[in-house]
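Please find below a colleague's note on the model under discussion. It is arranged as numbered points, to be read beside the structure.

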2 protein chains.
Amino acid sequence: MSETLLGYDASKYRTPDGYTSDIAVFTIISTEVGPYKPPEKELKIMLIKRAEKTKEGELNIERGKWALPGGFIKPEETAYDAAVRELREETGIDGLKIKHFGVYDKLGRDQRGWILSNAHYAIVPENKLVKRKAADDAEEVALFSMDEVFQLELAFDHKKIIEDALWFIKKDMSLTTLAKNFLPKEFVLSELQGVLLTVMDDPWLKLDSQFFRKAPTLPFIEKVVKDGEPQKTNRWSKNKAQLYRFNDFDPYVSIYNAKY
Amino acid sequence: MSETLLGYDASKYRTPDGYTSDIAVFTIISTEVGPYKPPEKELKIMLIKRAEKTKEGELNIERGKWALPGGFIKPEETAYDAAVRELREETGIDGLKIKHFGVYDKLGRDQRGWILSNAHYAIVPENKLVKRKAADDAEEVALFSMDEVFQLELAFDHKKIIEDALWFIKKDMSLTTLAKNFLPKEFVLSELQGVLLTVMDDPWLKLDSQFFRKAPTLPFIEKVVKDGEPQKTNRWSKNKAQLYRFNDFDPYVSIYNAKY
DNA sequence: ATAACAGTTAACAATATGTTAATCATCAAT
DNA sequence: ATTGATGATTAACATATTGTTAACTGTTAT
């Protein structure tokens, strides 16, 4: 390829010193509080502790700090591809919901130079988390609550990235069926309510009488029915509760005909 | 800065060959269809025709094709800064709504190498468009309707970028007060309705009886009142119509308590 | 038995919506 | 100046959806 022909001389422009993909991995963990009680749920984020030394044995940048999983993108893959690959490498988990939400490109965010971060969030359903394997390079991996994470000293500008990720998750939870990525395929209304309340902060959702009356009519979830019999479970309660699943209805809302 | 200390040897990783900021600039053009009639509105996008030669007199890449305005980002600015700067350079307009919506990083999208595009959309209110100046390097600038633009042979992957931008504009128009960026500060309900219908495709909005009854109660717009007198105009109709303006109420909607 | 409890259904007033029609102000044509 | 057309606004009313409180249903623990 002739640079003269193409009218582009790379030496004229300074180019970025690196292009990375970072992933804010969220999950909701349940803690049992007793039999026949819906467990308490809490939103957690997965971070890795940056190694002291690189593979080459040199001192690592931002070593010892907690950081988002991620890494350098290869030219032959997109940032999304890299996010999928790195999430698999770090957690051994495949097939997750991953979404781009921003780019962090301010000079100075990474001491090593002009390094861009293409930021994604990912949702890991709790039931897949058990499959988590130790990362191959034995980095420390841990889950933090939102309260905890903002107390930590985080690497780079990852605090800002996590704040933004949280904002996007909340928004997507309100406006899309994102909740399904936190839930098992078949779930009970109180589980759905629990997931929503863990992330969103809508007083309407807290009112059982409202939520439990409206929810069964939502067009994007449907009762699980087998052989004409509605399927029920008593996973969380003495009384059997109806199971629901998400269908592929894509809800559309607008601020112009909503209620306030 | 010692690379050894920081544990990063740039030569180990291939780095991007360029980092650009591209902006999909949208406006809504009104064409008068007669006195006392609300004008017809149409969504348009601003494109520039890529020059035959670079400033250095060499043949330009993707020359002669229509493309999104944009250009290489300097290390000391962010992609957003660059979008603001380039929009000012191309159109002479400042203070516009500009929003990031995606990154295009697939190898092969730009013949010159591994070149990233940080994509933004921008809204230019029609009344500011008159101030548009000829771009300093005398590139051709033109507005295209959505029908027209997808017939053109566009540079790079700009067709895909424009499709995505359109999707984001539609979504943001439904869910945020983005419409205010297409409107003068004080406007009439039919103008608002016109802007919304130009971008969105919601049958509810078309029903005047519904829209005109609900709109005055929307919490994010308010009647313009001066000295206790509601301000009205007959800009578009024989009958005087109430003026409204957006306030700073931030509407919140959720799929879980919407109506369907 | 019965108290406790999650899940579910009922009841009903208050509010909002879908729909059709009336009213109002103005201009343009007769 | 009467009439008709037009866009903005209000009225009217049946229907549907909320907000709210209460009752009912299985099941378990006492």
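The points that follow take the protein interface, then the symmetry, then each DNA strand.

1. Status of the model. The structure is a predicted model, and the statements below should be read accordingly.

2. Extent of the protein interface. Chain A and chain B meet through 68 residues of chain A and 68 residues of chain B. Together they bury about 5,800 Å², with 64% of that area given by carbon and sulfur atoms. On the side of chain A, the residues that lose the most area to chain B are Pro75(A), Ile255(A) and Tyr256(A), which together make up 15% of what that side buries.

3. Polar features of the interface. The count of salt bridges between chain A and chain B is 0. The interface nevertheless holds 15 residue pairs in polar contact, counted with both partners at pLDDT 80 or more. Sorted by class, the residues of chain A that touch chain B comprise 38 nonpolar, 16 polar and 14 charged.

4. Elements at the interface. Which elements of chain A give two or more residues to the side that touches chain B? They are the helices α1 (3-6), α5 (158-175), α6 (189-199) and α7 (203-206), together with the strands β1 (18-31), β5 (97-104) and β6 (115-124). The largest share of that side, 4 residues, is supplied by α5(A).

5. Symmetry. How are the two copies related? A turn of 180° with a shift of 0.0 Å along the axis lays chain A on chain B with an RMSD of 0.1 Å. This relation is therefore that of a two-fold axis. Both copies use the same surface, since 100% of the contact residues of chain A recur in chain B.

6. Surroundings of DNA strand C. This strand is surrounded by 16 residues, of which the closest are Gln242(A), Gln210(B), Arg213(B), Lys214(B) and Lys238(B). Both protein chains thus appear among the closest residues. Sugar or phosphate accounts for 59% of the strand C atoms within 4 Å of the protein, and bases for the rest. By class, the surface near the strand has 4 nonpolar, 7 polar and 5 charged residues.

7. Individual contacts to DNA strand C. Two side chains of chain B approach phosphate oxygens of this strand: a polar atom of Lys214(B) lies at 2.9 Å, and an N or O atom of Trp204(B) at 3.3 Å. A base oxygen of strand C is 3.1 Å from an N or O atom in the side chain of Asn239(B). The elements that give two or more residues to this surface are β13 (241-246) of chain A and α8 (208-214) of chain B. Of the surface near strand C, α8(B) has the largest share, 4 residues.

8. Surroundings of DNA strand D. Around this strand there are 17 residues, and Gln210(A), Arg213(A), Lys214(A), Asn239(B) and Gln242(B) come nearest. Of the strand D atoms that come within 4 Å of the protein, 56% belong to sugar and phosphate. The surface near strand D divides into 3 nonpolar, 7 polar and 7 charged residues.

9. Individual contacts to DNA strand D. A base nitrogen of this strand is 2.5 Å from an N or O atom in the side chain of Arg213(A). Phosphate oxygens are approached by a backbone N or O atom of Gln242(B) at 2.8 Å and by a side-chain N or O atom of Ser190(B) at 3.2 Å. Here α8 (208-214) of chain A and β13 (241-246) of chain B each supply at least two residues. The element that gives the most to this surface is α8(A), with 4 residues.

Conventions:
Residues numbered from 1 in each chain as written. Chains lettered and ligands numbered in written order. Predicted model: local features only at pLDDT ≥ 70, side-chain atom pairs only at ≥ 80, totals over all residues. Heavy atoms only, no water. Contact = heavy atoms within 4.5 Å. Buried area = accessible area lost by both parts, 1.4 Å probe. Salt bridge = Lys/Arg side-chain N within 4 Å of Asp/Glu carboxyl O. Polar contact = N/O pair within 3.5 Å; in protein donor to acceptor, adjacent residues only side chain to side chain. Nonpolar A, V, L, I, M, F, W, Y, C, P; charged D, E, K, R; others polar. Least-squares fit on C-alpha atoms with pLDDT ≥ 70 in both. Near = heavy atom within 4 Å.
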